[in-house]
Amino acid sequence: MLTLLTSMYLVMRTVSSRAEPIRVLVTGAAGQIAYSLLYSIAKGDVFGKDQPIILILLDIPPMLPVLDGVVMELQDCALPILKEVIPTDKVEVAFKDIDAAILVGSMPRKEGMERKDLLKANVAIFKTQGGALDKYAKKTVKVLVVGNPANTNCLIASKSAPSIPKENFSCLTRLDHNRACSQVAMRCGVSSDQVKNVIIWGNHSSTQYPDVHHAKVNLQGAETEAYQAIKDDAWLRGDFISTVQQRGAAVIKARKLSSAMSAAKAICDHMRDIWFGTKEGEFVSMGVYASGNSYNIPEDLIYSFPVQIKNKTWKVVDGLPINDFSRAKMDATAAELVEERDTALDFLSQ
């Protein structure tokens, strides 16, 4: 019997090892977020321990020498599922037949730069990348936009790739979600996996609304509403929100560099949930198309909602009760996104 089971196990391992490699693109691949991200992808933390991967690394021509160093390091990790690494500065190579695109690269805001100038530069980048997705990628490709302003960049990429379903595009608010989870967990004296169903509404910016009205905390085996667990409404409506909203700026001030390790971890969480689904009874935050939502958020936006995922398809968690405090904050971040969208679409049409 043991020999039979061993044989079956070996057959299953052989079958899984013969799985077709998936092609995963990371842009801005010579940057610091990618440097923290690529190892996790290449060792199976995102798409599965038995899923062979071809990594395609895209960056601008001046960064190609740096990219060569990244390739050498990935090779030197001797990772069994990493079948090939392709560094390139050409979109026709980068986007060809990809299964997943993680768009990290964007134009960072420079000193003295107006927000509209930042939007204009990024519209050009994400129009090009959206066009490349449309022309070269698989129509089933899952696209995660990380580069800021992430929501609006995601919208532009999607509009520039009309042959790819809008539902295949999302932007990263999981870093904000993880920050909110961690703040609640630290306040309650529990580990972060004992906190679930926090929500980030809206834009990945300082107007985002971290909401714990629907969150639960496991306190000594008993599931408790976050507001009851924390027993400090003033903190939850004040410092908690501002801490999460301003966390990126606080990291930059302390590190003199933007969040990389935590951003990479959030990217992994986001893509793994798309690939394998969310846990029963739990939801996560993700910037997705607002069409058909039950929260009166304008339709033509990429807006962060609570979502559940099954079979690589997300669904907004509808019908959560929204109080006046939450309503005002949800509307404020939506108004910022509408303004961003309108400015970006003006540039897109030029």
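Strands here are DSSP runs of E with at least two residues, and helices are runs of H or I with at least four; both are numbered from the N terminus. With that in hand, Gln-220 can be placed in the loop between β10 and β11. The tour returns to this loop below. The model is predicted.

**Whole chain**

Start with everything shown. The chain holds 13 helices and 14 strands. Its radius of gyration is 21 Å, close to the 20 Å that the globule rule gives for 350 residues, so the chain is as compact as a globular protein of that length. Along the principal axes, the C-alpha atoms fill a box of roughly 65 × 55 × 40 Å.

Colour by burial next. Buried residues make up 50% of the chain. Switch to a surface: about 16500 Å² is exposed, with carbon and sulfur atoms supplying 55% of that area. Then colour by charge. The 40 positive and 39 negative charges have mean positions 2 Å apart. For a contact map, take pairs with a separation of 6 or more: 73% of those contacts join residues 24 or more positions apart.

**The sheet with Gln-220**

Select β7, β10 and β11. These 3 strands form an open, antiparallel sheet in the order β7-β10-β11. The edges are β7 (195-196) and β11 (222-225), each paired on one side only. Between β7 and β10 (residues 216-219) there are 2 bridges. Pick Lys-196 to see one partner pair: Lys-216 is its bridge partner in β10.

Now go to Gln-220, in the β10-β11 loop. Its phi is near 50 degrees, a positive value in a residue other than glycine. Is Gln-220 buried or exposed? Its relative accessibility is 87%, so Gln-220 counts as exposed.

**A second positive phi**

Jump to Ala-78, in the loop between α3 (64-76) and β3 (82-88). Its phi is also positive, near 50 degrees. Ala-78 is exposed, at 61% relative accessible area.

**Cis proline and helix α6**

Select Asn-148 and Pro-149. The peptide bond between them is cis, with omega near -5 degrees. Pro-149 belongs to the loop between β5 and α6.

Step on to α6 (residues 150-159). This helix is mostly covered, with 9 of its 10 residues buried. Among them are Asn-151, Cys-154, Leu-155 and Ile-156. What do the buried residues of α6 pack against? Show α5 (115-136), β5 (142-145), β6 (169-171), β12, β13 (302-310) and α13 (324-348).

**The β13-β14 hairpin**

Stay with β13 and add β14. The two strands pair in the antiparallel sense over 4 bridges. They form a hairpin with 2 residues between them. In the turn, Asn-311 has a positive phi of about 55 degrees. Ile-309 has Trp-314 of β14 as its bridge partner.

In a regular strand, side chains alternate between the two faces of the sheet. Check β14 (residues 313-316) with that in mind. Trp-314 and Val-316 make up the covered face. Thr-313 and Lys-315 make up the uncovered one.

**Last stop: Gly-277**

Select Gly-277, in the loop between α12 (261-276) and β12 (284-289). At a relative accessible area of 16%, under the 20% cut-off, Gly-277 is buried. Leaving aside residues up to four places away in sequence, Gly-277 touches Arg-272 and Ile-309. Finish by drawing a distance to Asp-324, 47 residues away along the chain: the C-alpha atoms of Gly-277 and Asp-324 are separated by 32 Å.

Note on methods
Residues numbered from 1 in each chain as written. Predicted model: local features only at pLDDT ≥ 70, side-chain atom pairs only at ≥ 80, totals over all residues. Heavy atoms only, no water. Rg over C-alpha atoms; globule rule 2.2 N^0.38 Å. Buried < 20%, exposed > 50% of the residue type's maximum accessible area, 1.4 Å probe, protein only. Contact = heavy atoms within 4.5 Å. Areas by Shrake-Rupley, 256 points an atom, 1.4 Å probe, with all protein chains shown as cover. Lys, Arg positive; Asp, Glu negative; His and termini not counted. Charge placed at Lys NZ, Arg CZ, Asp CG, Glu CD. Pairing = 2+ DSSP bridges.
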